[in-house]
Structure formats: C-alpha cells, structure tokens
Amino acid sequence: DLSYHPISLYFKEKIVENKFVDYVQNVLTKPYRISGVIMIFLVFLGGVLNWLISPEIYNISTLILWTIWYVVPAVFFFDYYFLSQKLTKYFTYFYVFYGIFLGIAITITYYLSEQNDTQYYFIGMNIVIVMYYFLVRLKYYWAILVGSFNSVLAIIGLHVIDPGGSDYLDILYCSFYILAINATGIYIAYQFSKYIRDNFVSNLRADIERGRVEMVLDNVLPKKIALQLKEAGTLLDDEFLVEDFENVSILFVDIVGFTSLSSRITSKELIKILNQVFSTFDKISDKYGVEKIKTIGDAYMLAAGVPDKIENPAKKIAQAALDIQKAIFGHDYELNVRIGIACGPLVAGVIGNSKFLYDLWGDTVNTASRMESHSLPGKIQVTKDFYEQVRSDFNLTSRGLIEVKGKGELETWWLESKKLADI
C-alpha cells in the first residue's frame, strides 16, 4: 500500500515510510546542507546590518544573545560537515529550535533598541518566516510550527514595541502581510511535502516495474545477455549482441508419446504434465551449469559453452542428457524421450528490437536437431565429433552410418552411461 494520510502525510505502511526517510536522506541531504549554509549566511548578514543600523543595542545582553545566535549553528554545522556527524539525528530539532530562537532574538534585540524601528523588525521577522517555509526544508508541520510561532510573535511585537511615530494603519498592514506570508507558506510547505512523497511513490512504482521487467529478462535470457541488454536499453543493430563460439555442445530432447497423450487427457492436464517435465529439465540444466535455450512445443533445447565459455562443455551436456533420460521415467504417465547431441562452432545472440530471445545459429544446431529426429525412443544419439570429446569418460556404442536428411550419411553413436571409474 503506497497511500499516505492526507493530513500527517505519513505512509500507512511503516516499511514504506522507512523507505521514504531513506530516500529523503539520500536525495535531499545535499540541498539541506546548502540551505543550511545559506541560512547561516543570511543570519550573519542580518547581524552585520543590525550592527550598522543600531550599534547602540550591543550591550552585554545582546552580545550574549548574538554569540549564541552565531556559535550554536557554527558548532552544529562544523560537526555535521567535518567531524563525527553525531548531531545528524538532531538536525530537525536543531532547525526548529533555531528558528524559534531567531524570532525571539530579533524581537528582544529590537525591543532593546532605542530606535524601535518597525520597518527593520518587520523585515527581520519576515526573513525568518520565509526562510523556514521556502529555504529550510523541514517536514511541513515543523515548518508550520516555526512559521506560525514567529508570525504570532511578530504581530505581538509590532503592537508592543513603540512604533516610533509610525501610523497604526501601517502596523495593521504589516500584521496582515505577515499573516498572508504565513498562510502562503503553510500552503506551499504542505504542497511541497506532498510533491516529495508523490515523487517518491512514482519512483518506487517505477523501480517495482523495472524490477519486474528485469526479472522477466533474467528468466528468458542468460544472465550475461540480460545484463548487456539492460545496460544498452535496446538493440541498435543485428550484431549488437551476437558472438561466435568455437566449441559448443547442443542437446535436443523430444518427448515421445506426448501427441497421443494429448488425445486422452484435457489440455489443462497436458500443460501441467509438460510443466512438470520441463521444470525437472530446468533443475538438471542448473545442476550442470548448462544453458536452457528454448522450448518448442514438447521439445527442449540445451547448450553448453554459451554465452560463457566453459571447460569440457561436451562432458557437461552428456551428463545432463543421462540425467534427463533417467528423470523422464519418474512421472505418472508413461513418457519417453528421444535425445540428439552435436558439438562444434556456431553463432549465438539476440537480434531484433522486440520480444527478445537468445538463440543459436549454425550447422551444429541443425545437426543436433537431426540427431534427435533420427534417434530412437529412450536413446541418446551423438555425432562423431561429440563421441571423440567424451569417449574417455562415457560408455558409447556405435550405431554405424545412417542417412540424415540434408546431411547425407553420418556415423553416429549411442551415449549409454558414464564410466564407473569416473563416478
């Protein structure tokens, strides 16, 4: 739930409010620091102007007052910028205290002044009020507290301090002006705080949506390719994410009897079985670090050696094939698989600008597909090149020469098991 209370502006979910606090600290810390420096500079400038305008007010009382006025914020900001930053957690309370203190200090200073110049008092109090609404970014209710306190104090001060001959209508006008500034400040402080929270919600929703998109990418593409695509944002040309590989092992699996099974059970049950079977294959591919490329109907395609080059890709794909052959018999329905494997060079990558899919191209892919289609139920047929790469670790039986569509006669082998000596 990303909604917040219309008055307090606190998010209803505590975890969201905590995230918002972190967001404010990370995003607005620098502006807060800058506003603090500007505020201290303006206060110092105000003190200098006071000294130039009313030097007679600087007796022992006002000197103590002005010392506190300058020393306290100087110590706070020195610690905040250069030392341990232990005072950071008191930042808001310091700002609130200092805003109230400024109003009181200005009022006392002009009360002690012999000139009692209403104009300078009016300007000084307005500067403090405006600073806390428009410069110092407190939570809006703290800004309202400081602004309203100083507004009431200023109106009282205007009527208590001798106007020095000023027209009473001028004092009423100043009072109205202060109330108008405070009312405007209240509205803007509330709207600004609301804007910050709305902006946070928009960013959070965008992050959630971005996370969902990234999750989809991570599930449909290899991690390496998904990362490259996230960084690029899109594919600019056909070769942007295409790479040549010298030695990749390809495995095709086809579920035998799946078509006849579809005529005996409902479509929903059929998809449920297919999901269970493919999920089992997914676990096997994760176990041996081989890449699931895609599924086509009831066919399943694996590859070892893409997108990351690995040692002995043929041996990894051979072990995955044996585990798939064994796993298919553990399901409720009598299913079998026909498996074909080939190895060699190919091209792999992502092309196009939408509906991204990591795919493989080359004669090796076509040969592996032919090995599967010309295999037998319950058998794993492999090419001669693949046989040469795994024969030292696996038991294989020669099938001899077979006629392969589009390839002519090829010598193939049956992959039977892993040699006991290597188990």
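**Exercise 1. Is Lys294 buried, partly exposed or exposed?**

Solution. This is a predicted model, so every value here is computed from predicted atoms.
- Step 1: Locate the residue. Lys294 sits in strand 2, which covers residues 291–296.
- Step 2: Take its relative accessibility, 22%.
- Step 3: Apply the cut-offs. Buried means under 20%, and exposed means over 50%.
- Step 4: Conclude. At 22%, Lys294 counts as partly exposed.

**Exercise 2. Find which residues Lys294 touches, and describe its link to Asp359.**

Solution.
- Step 1: Set aside neighbours within four places in sequence. Lys294 then contacts Ala299, Tyr300, Met301 and Asp359.
- Step 2: Look along the chain. Lys294 and Asp359 are 65 residues apart, yet 8.0 Å separates their C-alpha atoms.
- Step 3: Look at the side chains. A polar contact of 3.1 Å joins Lys294 and Asp359.

**Exercise 3. Classify Asp254 as buried or exposed, and list its contacts.**

Solution.
- Step 1: Asp254 belongs to strand 1, residues 241–256.
- Step 2: Its relative accessible area is 15%, so Asp254 is buried.
- Step 3: Beyond four places in sequence, Asp254 contacts Asp298, Ala299, Asn336, Val337, Arg338 and Glu372.

**Exercise 4. Describe how helix 5 packs against helix 6.**

Solution.
- Step 1: Know what to report. Two packed helices are described by the angle between their axes and the distance between the axes.
- Step 2: Read both values. The axes of helix 5 and helix 6 come within 9 Å and cross at roughly 180 degrees.
- Step 3: Name the arrangement. Angles over 145 degrees count as roughly antiparallel. Helix 5 and helix 6 are therefore roughly antiparallel.
- Step 4: Find the residues that meet. Helix 5 contributes, among others, Tyr140, Ile144 and Leu158, while helix 6 contributes residues including Tyr168, Ile178 and Tyr190.
- Step 5: Sort the contact by class. The contact of helix 5 with helix 6 has 15 nonpolar, 7 polar and no charged residues.

**Exercise 5. Do the same for helix 3 and helix 5.**

Solution.
- Step 1: The axes of helix 3 and helix 5 lie 10 Å apart, at an angle of about 10 degrees.
- Step 2: Angles under 35 degrees count as roughly parallel. Helix 3 and helix 5 are therefore roughly parallel to each other.
- Step 3: Among the residues that meet are Val96, Ile100 and Ile104 in helix 3 and Trp142, Val146 and Phe149 in helix 5.
- Step 4: By class, the contact of helix 3 with helix 5 holds 9 nonpolar, 5 polar and no charged residues.

**Exercise 6. Map the largest nonpolar core.**

Solution.
- Step 1: Count its members. The largest nonpolar core has 44 residues.
- Step 2: Pick out the members that touch the most others. They are Phe11, Phe20, Tyr121, Tyr132, Ile178 and Phe200.
- Step 3: Trace the helices. Helices 1, 3, 4, 5 and 6 each supply at least two residues of this core. Helix 3 gives the most, with 10 residues.
- Step 4: Zoom in on one member. Not counting residues up to four places away, Phe200 touches Phe11, Val16, Lys19, Phe20 and Tyr23.
- Step 5: Look beyond this core. Apart from it lies another core of 40 residues, including Leu251, Ile273, Phe281 and Ile380.

**Exercise 7. Inspect the backbone at Pro307, Asn312 and Leu9.**

Solution.
- Step 1: A cis peptide bond joins Val306 and Pro307, with omega about -10 degrees. Pro307 is in the loop between strand 3 and helix 10.
- Step 2: Asn312 lies in the loop between strand 3 and helix 10. Its phi is near 50 degrees, a positive value in a residue other than glycine. At 44% relative accessibility, Asn312 is partly exposed.
- Step 3: Leu9 lies in the segment before helix 1. Its phi is also positive, near 65 degrees. At 1% relative accessible area, Leu9 is buried.

Definitions and conventions: Residues numbered from 1 in each chain as written. Predicted model: local features only at pLDDT ≥ 70, side-chain atom pairs only at ≥ 80, totals over all residues. Heavy atoms only, no water. Core = buried A, V, L, I, M, F, W, Y, C linked by side-chain atoms within 4.5 Å. Buried < 20%, exposed > 50% of the residue type's maximum accessible area, 1.4 Å probe, protein only. Helix = DSSP H or I, 4+ residues; strand = E, 2+ residues; numbered from the N terminus. Contact = heavy atoms within 4.5 Å. Polar contact = N/O pair within 3.5 Å; in protein donor to acceptor, adjacent residues only side chain to side chain. Axes fitted to C-alpha atoms, helices over the stretch in contact; angles between N-to-C directions. Parallel < 35°, antiparallel > 145°, perpendicular 65-115°, else oblique. Nonpolar A, V, L, I, M, F, W, Y, C, P; charged D, E, K, R; others polar.
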